[in-house]
Amino acid sequence: MKRVEAIIKPFKLEDVKDALSDAGITGMTVSDVKGYGRQQGHSELYRGAEYIVDFLPKIKIDLIVAEDDVDQVVQLIINSAKTGKIGDGKIFVSPIEKIIRIRTSEEDEEAI
């Protein structure tokens, strides 16, 4: 089992969710996060004063998938989240040692 963690632009969330749902991938956790990479933020004007916005709003999606599904999930996220502009985000894949569903005590693959 693997954890797929994707940081994407907020307006791409529905596209990513729909692509994953259409492929039969169910269950995800979504969080509002802020951050920056090469984008380095931007400046905005508020009541005539210019200020720097260091951290940009992003969406973080966490998925736990079977190892066989990782490449498909990553490709679906890339295809549906990509705009071709700076700040499209990142995808991280890491191993998961154990999963336990609290309600039924099912473990690992059965608990996904």
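Reader: Which backbone oxygen lies 3.4 Å from a polar atom of the side chain of Lys-9?
Author: Keep in mind that this is a predicted model. Lys-9 sits in the loop that runs between strand S1 (2–8) and helix H1 (13–22). Leaving aside residues up to four places away in sequence, Lys-9 touches Lys-58, Thr-83, Lys-85, Ile-86, Gly-87 and Asp-88. One of these supplies the oxygen that lies 3.4 Å from the polar side-chain atom of Lys-9, and that is Ile-86.

Reader: Is Lys-9 buried or exposed?
Author: The cut-off to use here is that buried means under 20% relative accessible area. Lys-9 comes in at 12% relative accessibility, so this residue counts as buried.

Reader: How many helices and strands does the chain have, and in what order do they run?
Author: There are 2 helices and 6 strands. Start at the N terminus and follow the elements along the chain, and the order is β-α-β-β-β-β-α-β.

Reader: What share of the contacts between residues at least 6 apart in sequence join residues at least 24 apart?
Author: Here's one such pair to look at: Ile-59 and Val-33 are 26 residues apart in sequence. In space, their C-alpha atoms are 5.7 Å apart. Across the chain, among contacts between residues at least 6 apart, the share joining residues at least 24 apart is 70%.

Reader: Is Ile-59 buried or exposed?
Author: Ile-59 has its place in strand S5. Not counting residues up to four places away in sequence, its contacts are Ala-6, Ile-7, Ile-8, Pro-10, Leu-13, Val-30, Ser-31, Asp-32 and Val-33. Ile-59 has a relative accessibility of 5%, so it counts as buried.

Reader: Why are the buried residues of H1 on the same side of the helix?
Author: The residues in question are Leu-13, Val-16, Ala-19 and Leu-20. They all lie on the same side of H1 because the arc they cover around the axis is only 135 degrees.

Reader: What covers the buried residues of H1?
Author: Those buried residues are Leu-13, Val-16, Ala-19 and Leu-20. Both strands and a helix are part of their cover, which includes S1, strand S2 (29–35), S5 and helix H2 (70–81).

Reader: Which strand gives the largest share of the lining of the second largest pocket?
Author: This pocket has a volume of about 160 Å³. Its lining is made up of Arg-3, Thr-26, Gly-27, Met-28, Thr-29, Asp-62, Leu-63, Ile-64, Ile-99, Ala-111 and Ile-112. The largest share is 3 residues, and it comes from strand S5.

Reader: How many residues of that lining are nonpolar, polar and charged?
Author: Among the lining residues are Leu-63, Gly-27 and Arg-3. Leu counts as nonpolar, Gly as polar and Arg as charged. Sorted this way, the lining divides into 6 nonpolar, 3 polar and 2 charged.

Reader: Which residue just after H1 takes a positive phi?
Author: Most residues other than glycine have a negative phi. Just after H1, phi is about 85 degrees, and the residue that takes this value is Gly-24.

Reader: What is the phi of Asp-108?
Author: Asp-108 is found in the segment after S6, and so is Ser-105. Ser-105 has a positive phi of about 65 degrees although it isn't a glycine. Asp-108 isn't a glycine either, and its phi is also positive, near 55 degrees.

Conventions: Residues are numbered from 1 along each chain as its sequence is written. This is a predicted model: local features need pLDDT of at least 70, side-chain atom pairs count only at pLDDT 80 or more; totals for chains, interfaces and linings use all residues. Side-chain values use heavy atoms; hydrogens and water are left out. Helices (H or I, at least four residues) and strands (E, at least two) are DSSP runs, numbered from the N terminus. Buried means under 20% relative accessible area, exposed over 50%, partly exposed in between (1.4 Å probe, protein chains only). A polar contact is a pair of N or O atoms within 3.5 Å; within protein, one must be able to donate a hydrogen and the other to accept it, and residues adjacent in sequence count only if both atoms are side-chain atoms. Contact means heavy atoms within 4.5 Å. On a 1 Å grid over the protein atoms alone, a cavity is a set of points where a 1.4 Å probe fits but cannot get out, and a pocket is an open set with protein on both sides within 12 Å along at least five of seven lines; lining residues have an atom within 4 Å of a point. Grid points are joined across faces, edges and corners, and a volume is the space filled by probe spheres set on the points. The arc is that of the directions from the helix axis to the C-beta atoms.
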